[in-house]
Amino acid sequence: MNQVNSEIINLITNRRSHRKYVNKKIPKDIIETIINCGRNAPFGGKPKPDCQVTEYIVIEDQKIKEQLALQYEDRQFIKDAPIIIAVLANKDNDPKYKEYILSSALSIENMILAAESFGIGACVLSCFLYHEKHVEDKRISREILNLPDNIELVALLSLGYKDDGEEIPDKELRTYKETVHFNTYDN
């Protein structure tokens with residue numbers, strides 16, 4: 001494997017979600033680069049602007065971050081993240097395209113990897129797209145961000161320079177043989 005490829009492979013396989021950040025501002029040009037990497041992710045349809053459904057809100061305002069943490073213990077860390085990016089899907093931009101969540105998810109992955117390349121940690125938070133018991137939480141989050149009906153809140157992405165004191169457990173994956181099938185699903 002050549003050096004460039006091994007660097008990319010190492011970035012992907014060694015990346016972990018980070019929930020503790022140092023108090024250091026992320027420069028605007030780095031945020032712009034991270035979002036531009038998201039914008040360059042694959043998306044459904046022709047490579048034209050009217051097929052691009054993913055949009056972003058960059059959140060630095062402390063009050064908004066505190067509100068988006070809701071009342072969940074496992075979301076409180078976003079209050080300390082220098083940046084939160086709300087990843088959105090504009091369902092009116094390509095009304096025939098119903099796989100907007102896939103396009104937004106691909107964008108998120110590109111942003112996570114771009115952030116990692118700058119030494120910036122990231123963590124994706126669900127926005128309750130399909131959780132019936134969290135209908136009110138979804139409504140509150142949409143209200144906080146002032147989203148119109150045609151804009152879907154897909155996820156929140158926290159970004160910050162990594163706190164070296166954060167304990168991150170080793171990732172345990174199912175084996176290749178347990179997860180990969182050829183031609184058909186083999187039991």
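## Leu 70 and the loop between α3 and β2

Leu 70 has a relative accessibility of 9%, and it therefore counts as buried, the limit being under 20%. The model discussed here is a predicted one. In that model Leu 70 belongs to the loop that joins α3 and β2. Its phi is positive, about 55 degrees, although the residue is not a glycine. Most residues other than glycine have a negative phi.

The loop between α3 (62-68) and β2 (83-90) also holds Ile 78. Ile 78 is at 0% relative accessibility and so counts as buried. Neighbours within four places in sequence aside, Ile 78 is in contact with Lys 65, Leu 68, Ala 69, Ile 84, Leu 125, Leu 156 and Ser 158. Glu 99 is 21 residues from Ile 78 in sequence, and the two C-alpha atoms are 28 Å apart in space.

## Overall fold and dimensions

The protein contains 6 helices and 4 strands. Read from the N terminus, the order of these elements is α-α-β-α-β-α-β-α-β-α. Of the contacts with a separation of 6 or more, 81% are between residues 24 or more positions apart.

Along the principal axes, the C-alpha atoms fill a box of roughly 45 × 45 × 35 Å. The radius of gyration is 18 Å; a compact globule of 187 residues would have a value near 16 Å, so the two agree. The accessible surface comes to about 12000 Å², and carbon and sulfur atoms hold 50% of it. Buried residues make up 39% of the 187 residues.

## Helix α4

Helix α4 covers residues 100-117, which is 18 residues. At 1.5 Å a residue the helix should span 26 Å, and its end C-alpha atoms are 26 Å apart, so the expected and modelled lengths agree. The buried residues of α4 are Tyr 100, Ser 103, Ser 104, Ser 107, Ile 108, Met 111, Ile 112, Leu 113, Ala 114, Ala 115 and Glu 116. Just after the helix, Gly 119 takes a positive phi of about 80 degrees.

Ser 104 is a residue of helix α4. Its relative accessible area is 0%, so Ser 104 is buried. Residues up to four places away in sequence are not counted in its contacts, which are Thr 54, Val 87, Leu 88, Ala 89 and Val 154.

## Strand β4 at Ile 151

Strand β4 takes in residues 151-161, and Ile 151 is found in this strand. With a relative accessible area of 7%, Ile 151 is buried. When residues up to four places away in sequence are left out, Ile 151 touches Glu 55, Leu 88, Ala 89, Asn 90 and Arg 142.

One of these partners, Glu 55, is 96 residues from Ile 151 along the chain, and their C-alpha atoms are separated by 8.9 Å. Leu 88 and Ala 89 are among the residues touched by Ile 151, and they are also among those touched by Ser 104.

## Charges over rings, and aromatic pairs

The charged end of Arg 19 sits over the ring of Phe 77, at 5.8 Å from the ring centre. Lys 24 lies over the face of Tyr 161, and here the distance to the ring centre is 4.3 Å. A search of the whole structure for aromatic pairs finds 0.

## Residues toward the chain ends

Helix α1 consists of residues 3-14, and Thr 13 is placed in it. Thr 13 has 43% relative accessibility and so counts as partly exposed. Thr 13 and Ala 122 are 109 residues apart in sequence, with a C-alpha to C-alpha distance of 15 Å.

Asn 183 is in the segment that follows α6 (176-179). This residue is exposed, as its relative accessible area is 84%. Its phi is near 70 degrees, a positive value in a residue other than glycine. A positive phi also occurs at Leu 70, but Leu 70 is buried at 9% relative accessibility, whereas Asn 183 is exposed at 84%.

How values were computed. Residues numbered from 1 in each chain as written. Predicted model: local features only at pLDDT ≥ 70, side-chain atom pairs only at ≥ 80, totals over all residues. Heavy atoms only, no water. Phe/Tyr/Trp six-rings, centres within 6.5 Å; stacked < 30°, edge-to-face > 60°. Lys NZ or Arg CZ within 6 Å of the ring centre and 35° of its normal. Helix = DSSP H or I, 4+ residues; strand = E, 2+ residues; numbered from the N terminus. Expected span 1.5 Å × (residues − 1). Buried < 20%, exposed > 50% of the residue type's maximum accessible area, 1.4 Å probe, protein only. Contact = heavy atoms within 4.5 Å. Rg over C-alpha atoms; globule rule 2.2 N^0.38 Å. Areas by Shrake-Rupley, 256 points an atom, 1.4 Å probe, with all protein chains shown as cover.
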